[in-house]
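Reader: I should like to understand this structure step by step. May we go through it together?

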Amino acid sequence: MISKGIVLTALMTSGAEFGQVIPVYDPAQAERGRSTYAVTCAACHGPDLGGGQFGPPLKGVNFRQRWAAQPVADLFEQVRTMPPGQARSMTDTGYAELVALMLAENGMAAGQQALPTDVASLRTMVMPGKAAPGPRQSAGGGLTHGYKLPFWPQPPNPLDTISPVTDALLTNPPEGDWLQWRRTWDAKAFSPLDQVNRSNVKDLGVAWSLALPPGPNAATPLVHDGVIFVHAFRDNVLALDAATGAQLWQYSRQLPEGVAPSVKRNLALYGDKLYVGTSDAHLVALDVKTGAVVWDK
Ligand code: HEC
């Protein structure tokens, strides 16, 4: 009786509900998973499972929230689809080791028993935590008929306050700006910003990301007053809010038939205009605030 009571308490504090089994794994299993992970998964999901350029985090609050109250079998099935395009390329033992690593990295205690590899047993085990209230659980009934929602607040647009680029600014650019190809006339390509340094660079994470059109995106982006200007492949020019990644405007050149898009290296900012070279050998001046064509030669 007493031991049953203890087990129950353990289950409840871990967030699992009565009748559900918390996942088990042993430490050696997780460590074998760590070796596989470094070779097979880290390139996309980050060296420490914290997420990378090509894959989401496999640990942390969002990961745990996403998998909370889900059967471990579902996570196992998901992992068996990895790496993308090479589903089931490893043994189930290998995949179970990777799941064990994820359990360890998400703070679940190891035990004596290894995480099993058969889906039926994994189906009885449930990830800790409460399921996020989704559409299925939601009791909401939508808006009252005829009710108009007010506009949501618009975030400030950095283009509203962007200043003209003067000769003085080009000669002595503000610390946060990158107004020309290698930033300054002496082409040092050195940023005086010092908030990111040797001791904290390891803590950098993704704030936002944006996919550019596939192809050689080789142009140096320019930055002025919190706006990033990007010359993206296929003659697309984007103005982005540096803080949020929100697109403020886009200019897309319609190339004449038979003209292939060329690789671009740079843009130029001067006054209230952005100067763009195009693949059909035009020079176009765009209004910095709107992206509208001012002239085209
Ligand atoms: C080429 C890049 C790449 C590699 C290598 C890769 N993954 Fe992924 N992984 C992704 C992407 C992209 C997603 C998100 C889309 C999806 O689920 O397919 C993902 C999703 C996942 C998810 C689901 C995450 C979630 O919470 O939805 C898990 C778990 C996972 N990967 C584990 C692994 C493991 C373990 C390996 C190594 C065997 C691995 N991945 C290798 C790119 C990769």
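Author: The following questions and answers concern a predicted model.

Reader: Which residues coordinate the iron atom of the ligand?

Author: Two side chains supply donor atoms at 2.0 to 2.3 Å from the iron atom of the ligand, through an NE2 atom and an SD atom. One of these residues lies in helix α3 (residues 42–45), and the other in the loop between α5 (72–79) and α6 (92–105), 37 residues apart. The residues are H45 and M82.

Reader: What is the arrangement of the 6 donor atoms around the iron atom of the ligand?

Author: For six octahedral donors, the ideal angles at a metal are 90 or 180 degrees. Here the 6 donor atoms subtend angles of 87 to 178° around the iron atom of the ligand, so the arrangement is octahedral.

Reader: Is H45 buried or exposed?

Author: A residue counts as buried under 20% relative accessible area. H45 has a relative accessible area of 10%, and therefore H45 is buried.

Reader: How is M82 classed by its relative accessible area?

Author: The class between buried and exposed runs from 20% to 50%. M82 has a relative accessible area of 27%, so M82 is partly exposed.

Reader: In what order do the 4 strands of the open sheet lie?

Author: Strands of a sheet pair through backbone hydrogen bonds, either parallel or antiparallel. In this open sheet the pairing is antiparallel, and the edge strands, each pairing on one side only, are β1 (222–224) and β4 (247–252). The order is β1-β2-β3-β4.

Reader: Which residue in β2 is the bridge partner of H224?

Author: Strands β1 and β2 (residues 227–232) run antiparallel and are joined by 3 bridges. In β2, the bridge partner of H224 is V227.

Note on methods. Residues are numbered from 1 along each chain as its sequence is written. This is a predicted model: local features need pLDDT of at least 70, side-chain atom pairs count only at pLDDT 80 or more; totals for chains, interfaces and linings use all residues. Side-chain values use heavy atoms; hydrogens and water are left out. Donors are N, O and S atoms within 2.8 Å of the metal (3.2 Å for Na, K and Ca); water is not among the atoms, so sites may look incomplete. Four donors count as tetrahedral if all angles lie between 85 and 135 degrees; four count as square planar and six as octahedral if opposite donors are over 155 degrees apart and all others between 65 and 115; anything else is irregular. Helices (H or I, at least four residues) and strands (E, at least two) are DSSP runs, numbered from the N terminus. Buried means under 20% relative accessible area, exposed over 50%, partly exposed in between (1.4 Å probe, protein chains only). Two strands pair if DSSP finds at least two bridges between them.
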